[in-house]
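Hi everyone, thanks for making time for this. I'd like to walk you through one structure today, so please get it up on your screens.

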Amino acid sequence: MHALGLCRPWRCATSSEHSIRQFARLIIDEVAVKPYVVQNADAGTPPRMSTPQDIELNTLQNLKTKEESLMHGSSYSMPEPEYYEGHAPPRLHRFLDGFKRDTNLSFFPSDHLGQMDSPSNQRRYGNHYYDLRLAALESANTGLARKLKGRHLQMIAIGGSIGTGLFVASGDALHAGGPASLLIAFSIVGIMLYCTCQALGELAVLFPIAGSFSAWATRFLDPSWGFAMGWNYAVQWLTVLPLEIIAASLTISYWGETLPKAVFVSIFLLIILLINLFGVKGYGEAEFTFSIIKVIAVIGFILLGIVLNCGGTQDRGYIGGEFWQNPGAFNNGFKGLCSVFVTAAFAFTGTELVGLAAAETANPRKSLPTAIKQVFWRITLFYIVALTLVGLLVPYNDPRLRGGDSKADAKASPFVIAIEEAGIEVLPSVMNAVILIAVLSVGNSAVFGSSRTLAALANLHQAPAILGYVDKRGRPLVAILIAALLGLLAYLADLRDQADVFDWLLAISGLSTVFTWTSICFCHIRFRRAWAARGRHPSEMAYTSQVGVAGSYVGFGLNLLVFIAQFWVGAFPIGWQHMSASSVTQNFFLKFMGVPIILLFYVLHKLYFRTSFVRVRDMDIDTGRRDFNLPILIAHEQEEKASWPRWKRFYKFLC
């Protein structure tokens, strides 16, 4: 009975809704007294009589209820709760009441994974038993508010992760590898990310569940790997938050250092927390605004860069490819190219947030494919074209590229240097203001990503249950508080050795994203195998990857190449012959620290729970899956497309 997901009562404000609740209770009573036959997975095994616990969420698929009682197009997950209905209480009371936990958000009325420690399971499986099926049920719906709209997802996909990686760290990469290495590395990582995002889109449309990456890894790979992936992703964003706030305080110093950085750290941390306390809708609106500003700035820089390169300044004249000849297109040879890979991966960090946001999107089937397609244009336009112009306007031996106090200091931004070199007085300050907004945007995404991942880990029974606290407005408050507490590390910005603090924070999060992307590709490959093993065709899915399973293999292989390149650069850095042993060792851990961290998470969970690799025949590809009535949807879409002009068909194919 509990597995039906109907234990959660609806909040009713009208008599019709009251009748729906009565009808739901009748369904529960009906299910409770009637046995259900469950076919075992092994062929030839006779069917068995199931207990109410064995009933899947799609049992209600053929029952006629009102449209509002079940989420449209879904047989496996319940709708988000109606937060406030009827006569509204006083505003102050509503505000304070909104922070209270909604006891009706879980599938199960009490300890939703309490059966994991039940005496029967302990006798059967031992004291340390991880119930994968119950965890899958719980991750299907955690009560997070589904309030993100299509425009929010599109702007998150286009400009959500544009920050210090593109605007500032690209300067250090330009110095290390030269303009050709910068272009090649970002193009390779861009191809890798495009394939990864296609796999992400397919999985996120089918399974818009909380904690997507860790939940998929738990279900399709190994619960221990899902545990490691979830904590890896959470730790990544928990360290990115103070890192970005430090970067924001350093950006302010471009205009002077009359005030201590702690003042600006306090202001920026407060702004980021307030945005996230407005819930997912506040996050979406903030990212929508930030992304528009960043997109306009990058497009403006591209237009300005073309003008400057073609001789738009009075004292310089035509530049063309001069800096590709002198000092040259490459620096430090092949090792210089390899050293740019992780910088490129860091610059693309956050693109996968589209998949994490799917659990809080009103209509992921419509919004996600459009957002995923636009990733291609962001890679092409905002990274490849912009960095090509940077390489044409700034030589890799410009001393200002290494003149920042740390890798996040906007004074070392090649974008700012290019504008300063043109002698334009106002625009460098404008560009720094854009960098400041971009940094705050990534910090905002850090709180969103870490809090949602921590809450999902709690629901998967892979983190303390208190982290799964979700209030009546759908906010994971305790997880947000944890992110805020770690954000206090940003006050180290006033230390004399703050550059070392920044480097170690960057080291913790450096390879985390590459692990996440690798896991997404592997999850997609494994899911497709399980889908085919059930006798199902990709045409039965609401959205399929444009590059298919082959694209996931390409993405998986390119991610492995990034790991290999990073290991080589970490163990034998540029100029390692002239470095001391301690400096080489420190450089290795700065480059490769993410690997031992994730392996530690994996091994500890594996030793404690003794989990095994999930076999294809045992994979659950139904719980939490959006079950769309595809024939009707496809017929409706084809009828709509028939009325489109040719230009719109071409545009919709691309975007």
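Before anything else, one bit of vocabulary: a residue is called buried when its relative accessible area is under 20%, exposed when that value is over 50%, and partly exposed in between. Also keep in mind that what you're looking at is a predicted model.

Let's use those words right away. Find R610, in the loop between α23 (594-609) and α24 (630-642). Is R610 buried or exposed? Its relative accessibility is 66%, and that is over 50%, so R610 counts as exposed. R610 also has a positive phi, about 55°, even though it isn't a glycine. To see why I'm pointing that out: most residues other than glycine have a negative phi.

R610 has company there. N332 sits in the loop between α12 and α13, and its phi is near 65°, again positive and again not a glycine. With a relative accessibility of 37%, N332 counts as partly exposed.

Just around the corner in the sequence there's another oddity. Which peptide bond is cis? Look at the one from N326 to P327, where omega is near 15°. P327 itself lies in helix α12, residues 322-328. For background, most peptide bonds are trans.

Okay, zooming out. The protein chain has 655 residues, and 56% of them count as buried. It has 25 helices and 2 strands. The accessible surface comes to about 27700 Å², with 63% of that belonging to carbon and sulfur atoms. And here's one about how the chain folds back on itself: take the contacts with a separation of 6 or more, and 82% of them are between residues 24 or more positions apart.

If you want to picture that kind of long-range pairing, try L460 and G230. They are 230 residues apart in sequence, but their C-alphas are 10.0 Å apart in space. L460 is in the loop between α17 and α18 (477-487), and at 2% relative accessibility it counts as buried.

Now the middle of things. The largest nonpolar core has 158 residues, and those touching the most other members are F167, F186, W216, F220, F415 and F527. Which helix gives this core its largest share? That's α9, residues 223-252, with 17 residues. Let's pick F167 and look around it. Leaving out neighbours within four places in sequence, F167 is in contact with a whole list of residues, including I162, V298, F415, M431 and A438.

Next, two helices to compare with your own eyes. Helix α20 covers residues 512-533, so 22 residues, and it reaches 32 Å from first C-alpha to last, close to the 32 Å expected at 1.5 Å a residue. Of those 22 residues, 18 are buried. Just after α20, G535 takes a positive phi of about 80°. Then there's α13, residues 333-348, which has 16 residues and reaches 24 Å, close to the expected 22 Å. Since 14 of its 16 residues are buried, α13 is largely enclosed by the rest of the structure. Just after α13 comes G350, with a positive phi of about 110°.

Not everything tucked away is nonpolar by name, so let's visit two others. N559 is in helix α21, residues 548-571. Its relative accessibility is 0%, so N559 counts as buried. Apart from residues within four places in sequence, N559 is in contact with M192, T196, V514, W517, T518 and C521. S451, in helix α17, residues 427-459, is also at 0% and counts as buried. Setting aside residues up to four places away, S451 touches P476, A479 and I480.

Last stop: the cysteines. How many disulfides does the structure hold? The count is 0. Take C197, for example. Why is C197 not bonded to C521? The closest cysteine sulfur to that of C197 is in C521, but it's 9.2 Å away, which is too far for a bond; the cut-off for a disulfide is 2.5 Å. C197 is buried too, with a relative accessible area of 2%. And C338, at 3% relative accessibility, also counts as buried.

That's my tour. Happy to take questions.

Definitions and conventions:
Residues numbered from 1 in each chain as written. Predicted model: local features only at pLDDT ≥ 70, side-chain atom pairs only at ≥ 80, totals over all residues. Heavy atoms only, no water. Helix = DSSP H or I, 4+ residues; strand = E, 2+ residues; numbered from the N terminus. Buried < 20%, exposed > 50% of the residue type's maximum accessible area, 1.4 Å probe, protein only. Contact = heavy atoms within 4.5 Å. Areas by Shrake-Rupley, 256 points an atom, 1.4 Å probe, with all protein chains shown as cover. Core = buried A, V, L, I, M, F, W, Y, C linked by side-chain atoms within 4.5 Å.
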